[in-house]
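Dear colleague,

Please find below the structure that I am handing over to you. My notes on it follow.

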Amino acid sequence: MAAPSQPQKSTYDVIVIGAGIQGSFTAYHLAQRHKDTLLLEQFLLPHSRGSSHGQSRIIRSAYPQEYYSRMMPESFRLWQQLEAESGTTLYRQTGLVVLGPPGEPELEACKRSLGVDEVLDAAALAQRFPGFRLQAGQVAVMDSTAGVLFADRALQAVQPTPATLPTQEGFCRHGGTLRDGQKVLHIEPGPMVTVTTTAGVYKAPRLIITAGAWTGAFVEQLGLRLPLQVCHHHGSPTDPEKRDQAASSTPRPDIAILSSFISSYLPGLETQPAVMETCLYTNTPDEDFILDRHPKFSNIVIGAGFSGHGFKLAPVVGKLLCELSLGEEPSYNMAHFTITRFPGVLGAAL
């Protein structure tokens with residue numbers, strides 16, 4: 001929320017649409033680069049309508065895809081930097097085990113990403129973690145760097161809320177402006193992009209869209225048909241405008257899967273959850289992110305399709321979206337994140 005003392009202005013260097021963890025880190029990096037940045041959010045903050053709320057998210061170095069594992073050291077470093085800046089504990093190191101049959105390709109890829117050769121059999125795993133029962137024909141690989149990110153705290157640290165605004169936490173500390181409770185109604189592309197909201201009209205030479213489950217609708221205005229599927233985790237497609245209207249009797253297959261896993265691998269634990277929270281996944285067909293400039297409007301950048309594994313990488317994603325918007329060479333190979341890897345995305349209107 002914009003501070004009462006901030007002047008009401010309409011022109012900025014960059015506008016970011018969507019103040020979840022990806023958009024907030026994008027705005028944070030831009031403001032650190034001394035760009036006059038406006039971050040727009042349709043809901044009043046804090047809220048639980050998107051993909052960034054809740055108590056926790058996983059963070060890990062183990063990744064079967066090397067293009068993500070290469071980003072993780074910097075991501076850990078940037079999370080630590082935000083911890084130091086905010087004076088808040090955002091991460092608890094717990095360790096993580098990756099399970100699978102010996103020689104399984106993803107397990108081997110995780111070993112390579114960690115730079116380890118050691119695998120734990122059932123006896124070794126039980127000795128290190130009493131109560132963990134490995135299944136026959138499986139081994140475990142240990143990721144000692146892994147742990148838990150405290151999601152709500154993390155979002156609050158990078159983005160100011162009414163509670164933290166007086167202390168200017170997050171990107172406002174670096175001169176950014178946040179306006180929540182402003183739904184974007186229209187985007188008019190051009191050398192100066194015009195963004196019309198329910199409360200005003202704003203202009204900037206650069207626009208970044210990080211609107212989570214609402215991204216597809218925004219980019220359709222701009223002639224793109226991105227293959228994004230919005231759902232609760234990997235369940236049935238969900239309308240983000242109606243996510244709270246599901247009946248209490250709606251089946252929850254994820255709970256059954258987790259309960260079955262706990263009873264098999266951690267038999268000493270209660271199998272039913274004490275607290276349940278849901279968030280929206282916005283999935284791409286290949287579960288890789290979209291981080292790219294619009295194919296026609298190069299001053300519009302899109303970050304989307306984080307497919308349930310983007311939170312841990314948000315500090316690096318925000319940096320990459322910042323670099324793309326400023327016309328700089330990205331810090332990492334972006335070949336896996338292009339829009340044009342999906343055929344037929346450019347609509348006939350363009």
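A residue is called buried if its relative accessible area is under 20%, exposed if over 50%, and partly exposed in between (1.4 Å probe, protein chains only). This is a predicted model, in which local features need pLDDT of at least 70 and side-chain atom pairs count only at pLDDT 80 or more, while totals for chains, interfaces and linings use all residues. Residues are numbered from 1 along each chain as its sequence is written, and side-chain values use heavy atoms, with hydrogens and water left out.

Asp180 lies in the loop between β8 and β9 (184-188); strands (E, at least two residues) and helices (H or I, at least four) are DSSP runs numbered from the N terminus. Asp180 is buried but has no salt bridge, that is, no side-chain nitrogen of Lys or Arg within 4 Å of its carboxyl oxygens. The nearest side chain of opposite charge, Arg179, is 8.1 Å away, with Lys and Arg counted as positive, Asp and Glu as negative, and His and the chain ends not counted. The side chain of Asp180 does reach the backbone nitrogen of Leu45, at 3.0 Å.

The strand β8 belongs to an open sheet of six strands with mixed pairing, in the order β8-β2-β1-β12-β16-β15; two strands pair if DSSP finds at least two bridges between them. Because β8 (177-179) and β15 (290-293) each have a single partner strand, one side of each is left without a neighbour in the sheet. Strand β15 runs antiparallel to β16 (residues 300-304), joined by four bridges. Leu291 has Gly303 in β16 as its bridge partner.

Yours sincerely

Technical notes:
Polar contact = N/O pair within 3.5 Å; in protein donor to acceptor, adjacent residues only side chain to side chain.
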